[in-house]
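Dear colleague,

I am handing over the structure we spoke about, so that you can look through it yourself. Please open it alongside the notes in this message.

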Amino acid sequence: MLGRGLGMSAPQWRGGALDLRSALRSGGNLLFGLFVAAVLAFTLLAAVHSPEDPLLHPSSHQLTDFLTSATSNSTFLADDSVLRTGEDFATGSNSSEAASSTVVAEALPFIKLSDVGSENTEAGTEKTITVDTDTDTDGNSAAGAAAEEDKHIVEAVSCDTEAPVDCTGDRDLFNLLMRTAIEKFPDLHFYRFGRPVVVPESPMACDLAWRFRPAEDAKGRTTYYKDYRRFTLTRDVNTCSLVVESVGEYHSGTGAKRSGKRKGKKGKREAPVTTTTDFVPAKTQMRLDENAANADTTTAAEQVFVVGEAVNDSMPVVASESDFSRGRYLIYMGGGERCKSMNHYIWGFLCALGEAQFLNRTLVMDFSVCLNSRYTASGKDEEKDFRLYFDFEHLKESASVIDQSQFWTDWGKWHKKDRLKNHYTEDIKVTPMKLRDVKDTLVMRKFGNVEPDNYWSRVCEGETEAMIKRPWHLLWKSRRLMEIVSAISSRMSWDFDSMHVVRGEKAQNTQLWPNLDADTSPENLLVTLNDKVGAGRYLYIATDEADKSFFDPLNNKYQTRFLDDFKDLWDENSEWYAETKELNNGNPVEFDGYMRVAVDTEVFLRGKKKLETFNDLTRDCKDGVNTCAASS
């Protein structure tokens, strides 16, 4: 009984315990709910709150002090230009769009005169001022009056006018050189300046390099140019400040030329390197660094065409046996493209390159190009190197290609050992679509001897035409030839007009072109040019007229220039001659007819006003009598 009594009183106690635990549980839930609500409120506040960006506010003195301090490694200068963001630097989402574009926006904002810091003429100079020591130290007003009078005293400057200039360490000198370049060449847009370089045997000279574009360049491809010139300086005898005495000719500042060839392994993308030795406006560089940090490293960087940089057109080499065996290749053998016109060769080559890309294979290239006799001085077909005419550095960095001789060497070493297979076809009716599932290491297309069925271009005809697009954006003119174009344009200060005058055989054929000879006579040309080209301007004439004295009557009104006026750019003492000789295994290279046509055309296209023969100079049709409607 006693035990039962004790047992019966227990439930009341347990009931009280149950109420306490319930209260504690409810309190815990309430606290947890408050915690969750606080987290949600903080998260919402963080999501909607947009703090001010210190990069957009120059009042942030910590950032400003860092970017402009002497200890900073940056090259930022005070910049008041409009802040540009990522979309301002986009040049096209893919290569095909870039190739078909007819208008190109500025890829980068160019450097204006206001972007360059003002010169401090007192920096680095040693001055002594003659002061009267008998002034009344007790009279503040007298001292103030004396100080006011001292402002009008001519300071005696003591400095060594022959002391060597500090090309590398004097920022004011750097600013002076940049401002001089911008002011001297108003028709150019500058995008980057390299640091000045000391000239060993000239203590009063500095070499400076820069990247630029013509201000009115509206070509479809964004092309940059590099120049480096020698600046001769002197000191003002009164102020001891530095003054630019003269600026050298195109590429005279050889010390600022970076002669080292750019290196890089194919297929490997290196991390972007921020240049700290060149001048770029602060906000522009800030956004460039930001874009580089946020760039998608899985996609290839868009190539920038820079004329004047060192060219690296060495042959690509397969790194190892395993790399070679894992690869897939396409080769064209034979064909009717050899020794035809260069346009015929290009049309077929781009078909082969397009099929290789469609099949996701490496194109095995024959670098020996048969130059048609129409372009050679000997009047015979000649074997030439592909790299003399086209930018192979751009091609190998943008597409997968390999030298034919190197390929066969590697194939001979490893194809039996690694059991590599070859898929062989002679029929051009075997379309690329039928070859897409072929797993063999090598696909070989063999072309016969019957024209026109043996043309490479036939592969891309018919139903294939809708599948394979010729990759024109991969084939650029040789930068060595474009360097000559840049030099010619620079000698005319990039401020010239141009005229293309077709004469030759067409002027003699009066049946097809009855008016051409008379319309392109000097007398009629002067009449045509009168209201189109201003007197005294440079006039570049691209023509097939052998006798250039034919145009002498134009010299009284214009500064006429022809391609042969610039022969020194490809003679035995030229940079082009030395580089092409080295490329050609030590054998001199002729500046042949195709090179002349390429350079002549490119210079003509850079004229501010361009006059075409059959559009502006004559009533005749380009292809002969009664063909104007058809050709248009």
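The notes below go through the cores, a surface patch and two single residues.

This is a predicted model, in which local features need pLDDT of at least 70 and side-chain atom pairs count only at pLDDT 80 or more, while totals for chains, interfaces and linings use all residues. Residues are numbered from 1 along each chain as its sequence is written, and side-chain values use heavy atoms, with hydrogens and water left out.

The largest nonpolar core (a set of buried Ala, Val, Leu, Ile, Met, Phe, Trp, Tyr and Cys residues joined through side-chain atoms within 4.5 Å) has 94 residues, of which Phe193, Met342, Phe349, Phe386 and Ile488 touch the most other members. Helix H8, residues 342–358, gives the most to this core, with 10 residues; helices here are DSSP runs (H or I, at least four residues), numbered from the N terminus. With neighbours within four places in sequence left aside, Phe386 is in contact (heavy atoms within 4.5 Å) with Tyr345, Phe349, Met365, Phe367, Val369, Phe392, Leu395 and Leu475. A second, separate core holds 13 residues, including Met499, Leu529, Leu539 and Leu617.

On the surface, Phe32, Phe35, Val36, Val39 and Leu40 form a nonpolar patch with about 500 Å² of accessible area together. Such a patch is made of residues with over 30% relative accessible area and no salt bridge (a side-chain nitrogen of Lys or Arg within 4 Å of a carboxyl oxygen of Asp or Glu), with nonpolar side chains (Val, Leu, Ile, Met, Phe, Trp, Tyr) joined within 5 Å; the areas come from the Shrake-Rupley method with a 1.4 Å probe, and for residues only the protein chains shown count as cover. Phe32, which lies in helix H1 (residues 2–48), is exposed, with a relative accessible area of 54%; buried means under 20%, exposed over 50%, and partly exposed in between (1.4 Å probe, protein chains only).

Ser489, in helix H12 (residues 479–491), is buried at 0% relative accessible area. The side chain of Ser489 reaches the backbone oxygen of Val485 at 3.0 Å, and, not counting residues up to four places away in sequence, Ser489 touches Trp494, Phe496 and Arg606.

Asp517, found in helix H14 (residues 516–519), counts as partly exposed, at 37% relative accessibility. The C-alpha atoms of Asp517 and Thr618 are separated by 8.9 Å, although the two residues are 101 residues apart along the chain.

Best regards

Terms used. Helices (H or I, at least four residues) and strands (E, at least two) are DSSP runs, numbered from the N terminus. Patches are made of residues with over 30% relative accessible area and no salt bridge: like charges are joined within 9 Å, nonpolar side chains (Val, Leu, Ile, Met, Phe, Trp, Tyr) within 5 Å. A polar contact is a pair of N or O atoms within 3.5 Å; within protein, one must be able to donate a hydrogen and the other to accept it, and residues adjacent in sequence count only if both atoms are side-chain atoms.
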